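User: I have a structure open and would like to go through it with you, starting with how some helices pack and then moving on to single residues. Could you take me through it?

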Amino acid sequence: MSLSKRRGFRQIHLDFHTSPQIPKIGKRFQAKAWQETLKRAAVDSITLFAKCHHGWSYHPTKVGKIHPHLDFDLLRRQYEACKEIGLQVPLYLSAGVDNLASYEHPEWRELGSEGKYLGWSTRPIDAGFHTMDFHSPYLNYLCDQIHEVISLFPDCDGIFLDIISQSPCCGRWSLEYMEKVGLDPEKEEDRKKSAEEAVLIYYQKTTSACRANSPAMPVFHNGGHIPRGRHDLYSFFSHLELESLPTGGWGYDHFPEAAKYCTQLSMEFVGQTGKFHTTWGEFGGFKHPNALRYECSAMLAFGAKCNIGDQLHPEAELDSSTYEIIGEAYREVATKEAWCENASPIYDLAILSSESELPDSHGRGTESDTGATRVLLEGHFLFGLIDRGMDFKKYKGLVLPDEIIVDDVLRVKLEDYIAEGGKVFMTGLSGLKPDRSGFALPIGADFQGESELSPAYILPIASLQPSFVKSPLVIYLPSQRVIAREGKSLGQVFDPYFNRTYQHFCSHQHTPPRPDPSGFDAGVEFGPITYWAFPFFSLYRGWGAVAYQEILHRSLKRFLGTPTLETNLPSTARVSLMRQELHHRTVLHLLYASKLNRGGEMMLQGGNLSKRAKSIEVIEELLPLRDSRVKVHLPHPVQRVSLEPSGIEMTFQQNNGWVEIEIPEWSCHQMVVFHDRE
């Protein structure tokens, strides 16, 4: 079942995690008001709750328990109201947490090897949700709930299962499983293996349950992140939903990073942000309408459909302010969909994801992936994010960020790629053999191991130096020692006088550089390979120095050669280039918003620190950019260029495949459409 046939671009994820202590559940639900609110907001799909994190069901159930203060079938009323106006309705069940089940069966809860609870709430007196052991009978209980829901709502538009993860558990059932399969619970690696196998068993059983009545039933398992390189898991998903609330801890560059990997998977995917000022569960928190406009525009630009998260009040009345704000974004999205449907990205470069290469990588990506993504986004490079199982040969160049150790399998694939004209850009540990004795690929330099001195300083060659720095630049993370031989040096390394210890230190931070070069090189260029001896991408992720950015931009441009796209946009703008082959056109997306950090930790009366106050990146004004110039190299001659959705025809210059345009003024999101000559 194709998601494009079942869902539109304008989705709502309607959280309804509701305490059993709150009365009058659903008492303000009115079908007509519900319908009018959703129609005004231009919503075309809404995910409704069958069971929440608290463990309560919102429909009569023979498996679980209906919320104690709900005396009618709320889910049925919501569902029928939505279906009546033509909305798509996936249904939600909390999977990894269930407080009702944990109270009734505490032995089903995740328990650590030290006898403490695992997950979100580690003490019995913590306010919060309880994570469940998938090795326990809880998994059968969950599958019975899924069976019941798909039987009650056979024409629903998918099942959304949430909080899919497992900690190294030592509860009764996990211990029994480890004994059965020959794992030793006293070994951390065996506990991790048991957790991994629990998740795999979960995927198999719950997906089978979801599709028991219809093999085409869409299913999504949400773990807050799409794991890179886990092709063994993707078959359990019908589509992907990229949870990425910029103000909720993900930041504004997380979604583009996640999307650039998902575009490689031949699966439809949805971006998911929230209406909240902060994150999930925030009643009375509202994002500025311009922020949602930008976030939805970014989803379209990077190949996704849109999903906005909300939390329904316990009495089940949709909040008018929330849907006025959402409506501003979604009415705009509706005018743009024609230029976003069935579009494929055009890329010059690919980042080989370090997350997909690191066995212990978990969470929302790695520092090196994030740093590399930011550098390339800010440099307006056209790039994707891939794993080693994907086709390298589609790209002019491959970036190996900081941590890509090259085993024999990867070495052979890289050698084949280079033999057919590919280029490789490596930083830090990337390119080293598994034993770190040397490089798996020839880099034209001698390798001397890792430096014992840190931080070091570098002075790049003149053509790669930052525009405002001509002196040695501090490098905060450890470096590798290389001496250029056949390859061209990319700059010199200056060592500090000594490392900072209690025995010898200088000033407030670190020791200054010696005045003379160390004899080691900052990097080397050797044929199709460029190598920097520092983890430059992690450095940029951690310190954000503009000087690092400029060095990398200059080096990457030199490495790539002629790009597909050139522009004068500022580094805070974003670009993507998409091809709609069915319509014989190429769509350039330009994005820009001024982001500001507001808020922060504060001292309350009496000197108590408010731990919940924090800095949040917000968007308020959508300021215009003027005189934006773009030059794009296209394989098809262009007949005309238009700005969409306004339909304004643009003047352009065309020469040897290059098409040049200048846009006098635009803001937030501008689509530039290059129509093929017939």
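**Helix packing and selected residues**

Analyst: In this predicted model, a good place to begin is the contact between two helices, in which V375, L376 and E378 of α13 meet Q549, L552, H553 and L556 of α16. By class, the residues of that contact of α13 with α16 divide into 4 nonpolar, 2 polar and 1 charged.

User: And at what angle do α13 and α16 pack?

Analyst: α13 and helix α16, which spans residues 546–560, pack at an angle of about 70°, and their axes are 10 Å apart. The two helices α13 and α16 are therefore roughly perpendicular to each other, given that angles of 65 to 115 degrees are counted that way.

User: Before we go on, what is the mean pLDDT of the protein?

Analyst: The mean pLDDT is 95, and 97% of the residues reach 70 or more. Over residues 1–5, however, the pLDDT is below 50, and this stretch has 11 contacts in the model beyond near neighbours in sequence.

User: Okay, back to helices. How are α5 and α7 oriented to each other, roughly parallel or roughly perpendicular?

Analyst: Helix α5 (residues 138–152) and helix α7 (residues 188–210) pack at an angle of about 20°, with 8 Å between their axes, and α5 and α7 are therefore roughly parallel to each other. Their crossing is right-handed.

User: Which residues make that contact?

Analyst: From α5 the contact is made by L139, N140, L142, C143, I146, H147 and I150, and from α7 by I201, Y202, K205, T206, A209 and C210. Sorted by class, the residues of the contact of α5 with α7 comprise 9 nonpolar, 3 polar and 1 charged.

User: What about α2 and α3, what angle do they pack at?

Analyst: Helix α2 (residues 31–40) and helix α3 (residues 74–84) pack at about 50°, with their axes 9 Å apart, and α2 and α3 are therefore oblique to each other. The crossing of α2 and α3 is right-handed. On the α2 side A31, K32, W34, Q35 and L38 take part, and they meet Q78, A81, C82 and E84 in α3. That contact of α2 with α3 has 5 nonpolar, 2 polar and 2 charged residues.

User: Switching to backbone geometry, where is the peptide bond before P455 cis, and what is its omega near?

Analyst: The bond in question runs from S454 to P455, and it is cis with omega near 0°. P455 itself lies in the loop between β14 (445–450) and β15 (456–460). A cis peptide bond also runs from E644 to P645, with omega near 10°, and P645 is placed in the loop between β30 (638–644) and β31 (648–650).

User: Why pick those out?

Analyst: They are worth pointing out because most peptide bonds are trans, and most residues other than glycine have a negative phi.

User: On that second point, what is phi of H380 near?

Analyst: Phi of H380 is near 60°, which is a positive value in a residue other than glycine. H380 lies in the loop between α13 (367–378) and β11 (383–386), and with a relative accessible area of 7% H380 is buried. D627 likewise is not a glycine and has a positive phi, of about 55°, but D627 lies in strand β29 (residues 625–633) and at 41% relative accessibility counts as partly exposed.

User: Now C262, is that buried or exposed?

Analyst: C262 counts as buried, because its relative accessibility is 1%, and it lies in helix α9 (residues 254–262). Apart from neighbours within four places in sequence, C262 is in contact with I226, L240, L242, M267 and F269. The C-alpha atoms of C262 and I226 are separated by 8.3 Å, with the two positions 36 residues apart along the chain counted as their spacing.

User: And K470, buried or exposed?

Analyst: K470 counts as exposed at 54% relative accessibility, and it is found in the loop between β15 and β16 (473–475). Not counting residues up to four places away in sequence, K470 touches L459 and Q465.

User: Last one, which residues of α15 are buried?

Analyst: In helix α15 (residues 536–543) the buried residues are F536, F537, S538, L539 and Y540. G544 follows α15, and its phi is positive, near 65°.

Technical notes
Residues numbered from 1 in each chain as written. Predicted model: local features only at pLDDT ≥ 70, side-chain atom pairs only at ≥ 80, totals over all residues. Heavy atoms only, no water. Axes fitted to C-alpha atoms, helices over the stretch in contact; angles between N-to-C directions. Helix = DSSP H or I, 4+ residues; strand = E, 2+ residues; numbered from the N terminus. Parallel < 35°, antiparallel > 145°, perpendicular 65-115°, else oblique. Left-handed = near helix turned anticlockwise from the far one by under 90°. Contact = heavy atoms within 4.5 Å. Nonpolar A, V, L, I, M, F, W, Y, C, P; charged D, E, K, R; others polar. pLDDT = per-residue confidence, 0-100. Buried < 20%, exposed > 50% of the residue type's maximum accessible area, 1.4 Å probe, protein only.
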